[in-house]
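I sat down with this model today and kept a few notes as I went. Here is the structure I had open, followed by what I looked up.

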Amino acid sequence: MEARILLSHEDYTVGWICALPLEMAAAKLMLDAVHPSLPRPPNDQNIYILGNVGKHNVVIAGLPSGVYGNTSATSVGMQLLSSFPTVRIGLMVGIAGGVPSNDADIRLGDIVVSQPSGTLGGVVQYDLGKLLSDGRFTRTGMLNRPPKVLLTALATLQAHHLTEESRVVEFISNIQAKIPPRKATTFARPTQEDCLFQVQCDHVVSSTYLNCDRSKMSPRPPRDHQELVVHYGLVGSANQVVKDGRQRDQLAKDLGIYCVEMEAAGLMNDFPCLVVRGICDYADSHKNKEWQGYAAAVAAAYAKELLLVIPYDKIHSAPTTHTLPGSEGNWRWLVIFDNIDQYSPVNRVTGDAYDIAEFFPTTDHGSVLVTSRLQGLTELGKSFQLNKLDSNDAIQLLLQSTSLLARDTVGGFRSNPDTLALASRLDGLPLVIVIAGAFMRETRTGVTEYLQYYQESWSELQMQSNPQRQYEHGNLLQIWMISYYEIQKRDPHAAKLLLFLAHFDNRDIWYDLIKSSHNSSEVPVWLERSILSGLTFRTSVRNLLNFSLLETNQQVGSYSIHPVVQDWCIHLSNTDKNADSIQRNELALISVGHSVLSSHDRNCSELQQRLIPHVNHVRHLDWLSGDIDIAAWNAFNGLGNLYSDQGKLKEAEEMYQRALAGKEKALGPDHTSTLGTVNNLGLLYSNQGKLKEAEEMYQRALAGKEKALGPDHTSTLDTVHNLGGLYKGQGKLKEAEEMYQRALAGCEKALGPDHTSTLTTVNNLGNLYADQGKLKEAEEMYQRALVRREKALGPDHMSTLGTVNNLGLLYSDQGS
């Protein structure tokens with residue numbers, strides 16, 4: 001059987017691909033002669049079996065063991081075409097699950113051959129499509145038809161079978177002459193009964209049907225012959241094994257397919273071929289391997305019979321399947337891989353991801369261009385970051401998309417404040433700008449009206465906005481869904497973290513801010529694991545960065561979300577039944593509120609500036625629902641502290657009042673946490689000049705704290721100190737001095753002489769002495785406060801500088 005003729009790669013015109021070793025063995029048995037192997041290019045990972053069927057030289061390739069599906073098939077097919085550039089026709093031959101229906105009485109051992117039907121090319125990728133916002137799945141795209149020479153041969157063979165017997169049985173019987181009888185039994189027709197069960201009958205674990213409920217078999221009339229039947233129709237292909245009768249029958253109803261498999265869809269557009277499948281099961285839970293060998297053999301036998309009806313000169317005159325990089329005369333080529341949304345290096349393949357490098361041409365005298373949002377692809381070559389448009393270019397693109405380029409309209413459009421506001425919100429993302437412009441053009445909506453829709457009815461607006469023909473992956477709601485689903489597969493916690501991050505101000509997000517969510521009494525498992533350490537947080541964030549759903553800022557450890565991605569995340573959080581948007585709002589509030597440091601801390605000023613955008617953001621979130629975590633009320637108190645330190649007293653009062661109302665309801669009016677907010681309100685009223693209201697708050701807080709904590713507790717002393725400041729403002733200097741002295745003695749005992757709270761009281765005593773004309777005592781207090789604040793807070797801290805200013809005023813009064 002081994003031939004002695006040594007041929008070259010250019011002598012092979014038929015490419016034959018199999019998925020399983022069993023199928024490859026059946027294919028080899030159909031060869032009239034096996035040819036010696038040829039050297040492979042260094043980047044070709046396929047292993048080939050070479051031979052001939054009649055006068056046709058055939059190259060057989062199999063998929064890597066255990067690596068099945070459309071992506072793997074595409075890789076094998078492309079590498080075969082690259083190494084054997086004169087291949088004219090392709091065959092995908094092997095086994096499949098049958099899809100019997102009222103239109104096709106498909107039995108085990110039958111053959112299904114792909115044949116175009118209507119607008120479909122013969123193979124339907126039933127899992128290719130887009131998920132609509134209402135949860136419905138719409139199939140998209142169409143796969144190529146087989147080459148004309150194969151369809152002509154198919155028609156010829158069908159005509160032969162109308163007047164004469166198929167040669168499949170003959171070729172099957174020849175197997176026994178080629179291999180030992182023990183091996184030949186692998187490909188013999190099984191004696192096992194052909195059983196088709198009703199869809200509601202689940203398989204009982206066993207290698208046979210013996211334990212299954214025979215009363216639930218589907219009634220079928222017996223055939224009046226034992227010969228197999230060849231069915232011509234549609235083949236269903238997807239990256240999943242169908243083992244469910246209900247899904248199988250639904251596919252038959254929706255698409256009219258005759259069988260299901262996992263490889264053909266990966267070949268049709270790049271390796272146009274005919275698909276030949278032997279039926280080994282019914283794509284239900286009763287799958288077993290009993291019929292696989294025979295099914296592989298009959299499919300291979302049919303493929304051989306088909307080749308034998310194709311004249312030798314017809315194949316040689318047929319065009320090659322592709323003009324590939326490296327083909328004769330094609331020395332300056334460019335291959336573009338557009339919008340790659342899944343990637344995983346070959347040694348780390350996860351989910352449906354694949355290694356795009358496997359599809360790169362093996363020659364090195366051309367160029368490969370890959371467009372993608374995936375950061376991981378930068379490891380494959382030189383990368384170019386496409387930055388967002390600046391404001392002028394963004395407005396220009398918006399003008400073009402709305403078709404408002406007439407001179408009399410451009411000026412008014414550019415000067416409209418709403419144009420600038422919309423451009424800022426879309427933040428230079430070209431696709432989003434084009435979609436917005438298209439909607440405005442098609443609906444004759446002005447920029448002011450569109451901006452209003454965008455702010456008030458974002459989700460509804462996007463559902464009504466269809467992309468341009470240049471981008472066919474769905475509306476704005478669907479653009480990032482593929483990436484999001486892939487993140488869900490790789491790291492479900494990271495996917496949930498993304499939706500959580502969208503509940504903060506989008507411009508500056510960092511680990512310690514998110515970590516403060518641990519103050520909640522009900523931290524979800526996904527969040528608890530994400531903030532377990534800085535390393536685990538960065539690991540989750542890395543997946544979001546890889547898919548460009550998160551961006552890094554110049555400041556180390558700082559991240560941002562594009563505002564449109566943020567809007568999309570909020571939409572997803574609000575519409576996904578598995579995502580609790582209200583809980584995320586509450587956790588964001590807790591994170592921000594508990595990140596606020598005391599104004600006495602060294603890094604307070606810098607942190608407060610970073611927190612202000614987040615405070616402004618979370619205070620307007622919709623978070624009230626049912627029982628509120630007490631940490632949320634404490635967070636409102638923190639927001640009030642920050643606003644108070646920033647001099648925004650109206651906003652501070654609103655936050656304190658919300659915190660007080662919540663705490664009184666949840667904890668009671670005399671709880672120490674409630675009294676802490678009462679104290680803060682007193683301080684706020686004092687700063688607002690509402691001295692009567694301030695004194696009422698301080699007295700209430702002091703009485704409650706003395707009772708609950710004792711007169712010497714630091715929280716009690718804080719209120720004592722505040723009362724001293726109030727009395728000073730009221731001109732009650734004696735009472736003020738008593739309060740300050742009490743607070744100072746208590747703080748020195750409880751906290752030590754160098755504590756910042758102690759030093760605040762020392763400084764304020766200096767102010768009081770200065771007002772009383774006790775300049776020597778005032779200087780002593782200021783000097784003491786200055787020396788220790790410089791040590792504790794640094795020379796440039798606001799509190800330190802405040803004491804320096806007080807000393808300067810004092811010396812001025814003294815004439816020094």
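My entries below go from the whole chain to helix pairs and then to single residues.

**Entry 1: the whole chain**

I should say at the start that this is a predicted model. I began with the broad counts, and found 32 helices and 17 strands in the protein. How much of the protein is buried? I read off 50% of the 816 residues as buried. Next I looked at contacts between residues at least 6 apart in sequence, and 70% of these join residues at least 24 apart.

**Entry 2: the annotated repeats**

I turned to the UniProt record, an unreviewed entry, for annotated features. It places "repeat: TPR" at residues 633-666, 675-708 and 759-792. I checked two of these stretches against the model. Residues 675-708 came out as 94% helix and 0% strand, and I noted 10 Å between the C-alpha atoms at the two ends of that stretch. For residues 759-792 I wrote down 94% helix and 0% strand, with the end C-alpha atoms 10 Å apart.

**Entry 3: α23 and α24**

At what angle do α23 and α24 pack? I have about 125 degrees for helix α23 (residues 604-618) against helix α24 (residues 630-645), with 11 Å between their axes. That angle makes α23 oblique to α24. I also noted the hand of this crossing, which is left-handed.

I then listed who takes part. From α23 the contact uses Gln-608, Leu-611, Ile-612, Val-615, Asn-616 and Val-618, and from α24 it uses Leu-639, Leu-642, Tyr-643 and Asp-645. Sorted by class, I get 7 nonpolar, 2 polar and 1 charged residues in the contact of α23 with α24.

**Entry 4: Leu-611**

I picked one residue from that contact to follow further. Leu-611 sits in helix α23. Is Leu-611 buried or exposed? Its relative accessible area is 0%, under the 20% cut-off, so I filed Leu-611 as buried.

Setting aside neighbours within four places in sequence, I found Leu-611 in contact with Trp-510, Leu-513, Val-592, Ser-595, Val-596 and Leu-642. I took the distance to one of these partners: Leu-611 and Leu-642 are 31 residues apart in sequence, and their C-alpha atoms are 8.6 Å apart in space.

**Entry 5: α3 and α7**

Next I moved to another helix pair. The axes of helix α3 (residues 148-163) and α7 come within 9 Å, and they cross at roughly 105 degrees. That makes α3 roughly perpendicular to α7.

Which residues meet here? On the α3 side I listed Leu-150, Ala-153, Leu-154, Leu-157 and His-161, and on the α7 side Tyr-302, Glu-305 and Leu-306. By class, the contact of α3 with α7 divides into 6 nonpolar, 1 polar and 1 charged.

**Entry 6: Lys-304**

While in α7 I stopped at Lys-304, which lies in that helix. With a relative accessible area of 6%, Lys-304 is buried. What does Lys-304 touch, not counting residues up to four places away in sequence? I wrote down Trp-16, Met-30, Asp-32, Val-53, Phe-171 and Lys-178.

**Entry 7: α17 and α20**

One more helix pair went into the notebook. Helix α17 (residues 492-501) and α20 cross at roughly 85 degrees, and their axes come within 9 Å. That makes α17 roughly perpendicular to α20. Ala-494, Leu-497, Leu-498 and Leu-501 make the contact from α17, with Phe-537, Ser-540, Val-541, Asn-543 and Leu-544 from α20. The class tally for α17 with α20 is 7 nonpolar, 2 polar and no charged.

**Entry 8: two positive phi angles**

I finished with backbone angles. Most residues other than glycine have a negative phi, so I made a note of two exceptions.

Ala-283 is not a glycine, yet its phi is positive at about 55 degrees. I located Ala-283 in the loop between β12 (273-281) and α7 (292-308). Ala-283 is buried, with a relative accessible area of 0%.

Ser-548, also not a glycine, has a positive phi of about 60 degrees. I placed Ser-548 in the loop between α20 (534-546) and β16 (551-552). At 23% relative accessibility, I logged Ser-548 as partly exposed.

Notes: Residues are numbered from 1 along each chain as its sequence is written. This is a predicted model: local features need pLDDT of at least 70, side-chain atom pairs count only at pLDDT 80 or more; totals for chains, interfaces and linings use all residues. Side-chain values use heavy atoms; hydrogens and water are left out. Axes are lines fitted to C-alpha atoms, for helices over the stretch in contact, and angles run from 0 to 180 degrees between N-to-C directions. Helices (H or I, at least four residues) and strands (E, at least two) are DSSP runs, numbered from the N terminus. Angles under 35 degrees count as roughly parallel, over 145 as roughly antiparallel, 65 to 115 as roughly perpendicular and the rest as oblique. A crossing is left-handed if the near helix is turned anticlockwise from the far one by less than a right angle, and right-handed if clockwise. Contact means heavy atoms within 4.5 Å. Ala, Val, Leu, Ile, Met, Phe, Trp, Tyr, Cys and Pro count as nonpolar, Asp, Glu, Lys and Arg as charged, and the others, Gly among them, as polar. UniProt positions are given in the numbering used here, feature names are shortened, and annotations may be inferred rather than shown by experiment. Buried means under 20% relative accessible area, exposed over 50%, partly exposed in between (1.4 Å probe, protein chains only).
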